[in-house]
Amino acid sequence: MTDLTDLGIAAIRDGVREGAFSAREVAEAFVARVAAAKSLNAFLVETPDHAFAAADAADKARAAGETLKPLAGVPIGMKDLFCTKGVASTAASHILEGFVPPYESRVSQNLWDAGAGMLGKLNMDQFAMGSSNETSAFGNVISPWRRSDGGASGKNWAPLTPGGSSGGSSAAIAARLCPAATGTDTGGSIRQPAAFTGIAGIKPTYGRCSRWGVVAFASSLDQAGPMARDVRDCAIMLEAMAGFDPRDATSLDLDVPKWEAGLSGDLKGKKIGIPKEYRVENMPAEIEALWQQGIAWAKDAGAEIVEVSLPHTRYALPAYYIIAPAEASSNLARYDGVRYGLRDLPDGANLQEMYAATRAAGFGDEVKRRIMIGTYVLSAGYYDAYFTQASKVRTLIARDFEAAWESCDVLLTPTAPSAAFALGEKSADPIAMYLNDVFTVPSSLAGLPAMSVPGGLDAAGLPLGLQIIGKPLDEQSVLNAGLAIEQRAGFTARPEQWW
Ligand code: GLN
């Protein structure tokens, strides 16, 4: 029999329906694999009982001849940014240590309602701030991938980042610890880790997935989405995650399309835009070559290729790194030692001192850096010079995309300017780290759906991803272009097991 942990969502769903195996067997296989992969540090909490309960419910429903739910028998991983009732939820920060939510996030509830079970809570960058997983308060995740060439430093097997912030999710899927996982994306946190680990992930249009019960980072950008082995699995999982929620004021009151049923890798009649400003300085030749390959695959699928211009692209990163910290500094004001998690109350301290001690002890360095930047750009003397200006730039970036849609249906770009880098390689230099988000941030600022699909391997044997960006609410075209590329890329590489 095939190893059940090699199966993705669709194969598990169909196999359970047909009785090829039981949901319990699937859950047991993944639970055992999670337990044997502690060295990757992908899970912060393991919840086998949750997975078993959902599996048993699926098996019971099948035995009773009931119609099975869309994700019946599918165990998944949950990024620790989602509040899960009765299960510790820390956003990988000390300041939330000990916090056990008395409620369930809307997206996780939607997944349980669809029949999925939870294998555990996945490690991530603290408060989703980071691109490498190194800002987690509980130690970084280690990518299951390794270079095949000893690396630039000549040091063999230097541990690599699985990307960030959803690095626990990407590592767990690539290592076959779960068939799929939730991610969140504020400036690239679903797409970049997906690219670094050879999996697929989609950030839907802002407002498709409820933010209710998701620990807030930058509320005008935060959006949940699925990470999985392939495009079809992303479509299935996004259908379960998305939907209107009156408890989130920015939730879109729209029906959820049947994305899986609408999948087609035929791009005849579609125009694919290639934004010339994404040809950035010092881009490795391998990334450029992959992009050209992606263009050739899109043509082969019947698409017409058009060059487009997004002239404000180069202002996207600076605008993002003003807007996101500004919103974060406001959102993170709630962690004061009174209401959640950690409280540091030195002897004889007054309230003000308790706030300061708690926040000093509870937040990591990157989170503090962003709170300081955010507070600065929102301060009375600098608000107009920074925050207002960045907000104007954001509008110009959104208009660039609107103009591009006059001549194309989706855009095709690389997902990240490099393959996975070694842990420690960029952590001393925040700007180098931020530059990693150059291709993912513009679509986040414009609230557009965007996905990453694996395109191939670089010379060191590491995965590279291609990004597809779509019009607002047009996830279907994004998924279809992703499928066309996936079908032609034939990406089957997987990390050799060493853990
Ligand atoms: N790497 C980006 C940042 O650090 C994006 C993070 C995210 O999308 N959550 O802000």
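In this predicted model, Tyr386 is partly exposed, with a relative accessible area of 32%. Tyr386 is placed in helix α12, which covers residues 384-404. Because patches are built from residues with over 30% relative accessible area, the 32% of Tyr386 is enough on that count. Together with Tyr376 and Tyr382, Tyr386 makes a nonpolar surface patch of about 280 Å².

From the surface, the description turns to the ligand. The ligand is surrounded by 15 residues. Thr186, Gly187, Ser189, Tyr320 and Arg370 are the closest of these. Side chains supply several polar contacts. For Ser131, an N or O atom in the side chain is 2.8 Å from a nitrogen atom of the ligand. Oxygen atoms of the ligand are also met in this way: a polar side-chain atom of Ser189 lies 2.7 Å from one, and an N or O atom in the side chain of Arg370 is 2.7 Å from an oxygen atom of the ligand. On its own the ligand has 290 Å² of accessible area, and the protein covers 100% of that area.

A further region worth a visit is helix α4, made of residues 106-113. Here Val107, Ser108, Asn110, Leu111 and Trp112 are buried. Several elements take part in covering these buried residues of α4, including the helices α3 (48-63) and α7 (231-241). Strands contribute as well, among them β2 (75-79), β3 (117-122), β4 (180-185) and β6 (223-228). Just after α4 comes Gly115, which takes a positive phi of about 105 degrees.

Definitions and conventions: Residues numbered from 1 in each chain as written. Predicted model: local features only at pLDDT ≥ 70, side-chain atom pairs only at ≥ 80, totals over all residues. Heavy atoms only, no water. Patch = residues over 30% accessible without salt bridge, like charges linked within 9 Å, V, L, I, M, F, W, Y side chains within 5 Å. Areas by Shrake-Rupley, 256 points an atom, 1.4 Å probe, with all protein chains shown as cover. Salt bridge = Lys/Arg side-chain N within 4 Å of Asp/Glu carboxyl O. Helix = DSSP H or I, 4+ residues; strand = E, 2+ residues; numbered from the N terminus. Buried < 20%, exposed > 50% of the residue type's maximum accessible area, 1.4 Å probe, protein only. Near = heavy atom within 4 Å. Polar contact = N/O pair within 3.5 Å; in protein donor to acceptor, adjacent residues only side chain to side chain. Contact = heavy atoms within 4.5 Å.
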